[in-house]
Amino acid sequence: MAQKVSLTRYLVEQQRVDGSIPAQLRLLLEVVARACKSISMAVNKGALGGVLGSAESENVQGEVQKKLDIISNEVLIEANEWGGHLAAMASEEMDSIHLVPSRYPQGEYLLLFDPLDGSSNIDVNVSIGTIFSVLKKPDDHPGVQEADFLQAGAKQVAAGYCVYGPSTTLVLTVGDGVAMFTLDREQGSFVLTQENVQIPADTKEFAINMSNMRHWDAPVKRYVDECLAGKDGPRGKDFNMRWIASMVADVHRILTRGGIFMYPWDKREPEKAGKLRLMYEANPMAWLVEQAGGAATNGRQRILDLQPAKLHERVAVFLGSKNEVERVTGYHSGA
Ligand code: AHG
Ligand code: MN
Ligand code: MN
């Protein structure tokens, strides 16, 4: 029987063979994986663990926080504070950046995360997840400021997510393709289950919250109308639709069998560029998708090229199978 490759072994070999992971980054990824394991256990206990329901507080984005949003945020902070690999963290659930306390050694990396993605699905026992992104702290000054985090997604040195579904799966890139690891609960470790993940360039499956249709811009309406017209329409084929309302789960399906995911700008809150967050959701997912041969844009530009102006910035998102993302992006420029 083929030997199982644990996440630890995979990372050690990447460090040794490709030299693509410095030791501190390897440690960071192991710590994030450990935190995800612990969040997975909490999710798994559900009502028995008293983790369901609202925390009755609001985050900086004005969203009501669930208990698990807060628990997951705390797990990630506590796990990452003391290892010496980080300088600071930023989270969807915290107003401002979290510096590593001065009693611990300071590292050279910055960690950003959406501790619990898909919050509306927690209480209904549907897949949710954690999304993370790693940047290097600029080394031209001592200390850390919020401005140090404002780097384009193309500067990420690692990105990934963990989906808490029927099984718990960690998906990772360090810029050398995408690998998937499944949590072996008996052993308590993540085991490599797929390497070189590839998204097919074409698809017959789209994901968008259709209830917002009347608020969309013309290019998005055109794209979806053409999908809905099926075989008899300009696309000449029937499309299927999925919308889990957990970006992690929707992106996981796309990395597994292709598809396009869209959360466009819409007229409900015209002053916001979109619903999803550039730094915690769009950037890490865009890099994973590109590393798997797909594409990711905001309708006009490549997401990874966007220069963030603020930490909690929002963005429109079109990502997944390359030809479909290029098509809907083309519609935005009048093609
Ligand atoms: P979060 O739970 O971190 O706030 O993110 C939820 C996001 C994303 O996961 C999902 O794709 C989208 O919101 C769902 O939005 P709708 O409820 O508007 O469909
Ligand atoms: Mn989210
Ligand atoms: Mn969240």
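This is a short walk through a predicted model, from its two domains to the pockets and salt bridges.

**Stop one: the two domains.** Start by colouring residues 7-194 and 205-333 separately, since the domain assignment gives these as domain 1 and domain 2. Put a marker at the C-alpha centre of each; the two centres lie 23 Å apart. Now show the residues where the domains touch: you should have 49 from domain 1 in contact with 31 from domain 2. About 2,900 Å² is buried between the two domains, and carbon and sulfur atoms give 63% of that area. Two salt bridges are also counted between domain 1 and domain 2.

**Stop two: the largest pocket.** Select Gly118, Ser119, Ser120, Ala245 and Lys275 and centre the view there. Out of 26 lining residues, these are the closest to the centre of the largest pocket. Its volume is about 450 Å³. Which elements give two or more residues to this lining? Bring up strands β2 (64-66), β5 (109-117), β13 (260-263) and β14 (276-277), along with helix α5 (247-257). Keep your domain colours on here, because the lining draws at least three residues from each of domain 1 (7-194) and domain 2 (205-333), with bounds that come from an automatic or database domain assignment. Then recolour by residue type: the lining of the largest pocket divides into eight nonpolar, seven polar and eleven charged residues.

**Stop three: Arg277.** Stay with strand β14 and show Arg277 as sticks, together with Glu63. Their side chains meet in a salt bridge, at 2.8 Å from N to O. Arg277 sits in β14 while Glu63 is in the loop between β1 (54-58) and β2, so this pair ties together parts that are 214 residues apart in sequence. Add Glu92 to the selection: Glu92 also forms a salt bridge with Arg277, and here the closest N and O atoms are 3.4 Å apart. If you'd like to hunt for others, a search of the whole structure finds 21 salt bridges.

**Stop four: the second largest pocket.** Finally, select Val43, Asn44, Asn125, Val126 and Tyr164. Among the 19 residues that line the second largest pocket, these lie nearest its centre. The volume of this pocket is about 300 Å³. Which helix gives the most to its lining? Show α2 (residues 23-45), which supplies three residues. Colour by type once again, and the lining of the second largest pocket splits into nine nonpolar, eight polar and two charged residues.

Methods: Residues are numbered from 1 along each chain as its sequence is written. Chains are lettered from A and ligands numbered from 1 in the order in which they are written. This is a predicted model: local features need pLDDT of at least 70, side-chain atom pairs count only at pLDDT 80 or more; totals for chains, interfaces and linings use all residues. Side-chain values use heavy atoms; hydrogens and water are left out. On a 1 Å grid over the protein atoms alone, a cavity is a set of points where a 1.4 Å probe fits but cannot get out, and a pocket is an open set with protein on both sides within 12 Å along at least five of seven lines; lining residues have an atom within 4 Å of a point. Grid points are joined across faces, edges and corners, and a volume is the space filled by probe spheres set on the points. Helices (H or I, at least four residues) and strands (E, at least two) are DSSP runs, numbered from the N terminus. Ala, Val, Leu, Ile, Met, Phe, Trp, Tyr, Cys and Pro count as nonpolar, Asp, Glu, Lys and Arg as charged, and the others, Gly among them, as polar. Contact means heavy atoms within 4.5 Å. Buried area is the accessible area (1.4 Å probe) that two parts lose on being put together, summed over both. A salt bridge is a side-chain nitrogen of Lys or Arg within 4 Å of a carboxyl oxygen of Asp or Glu.
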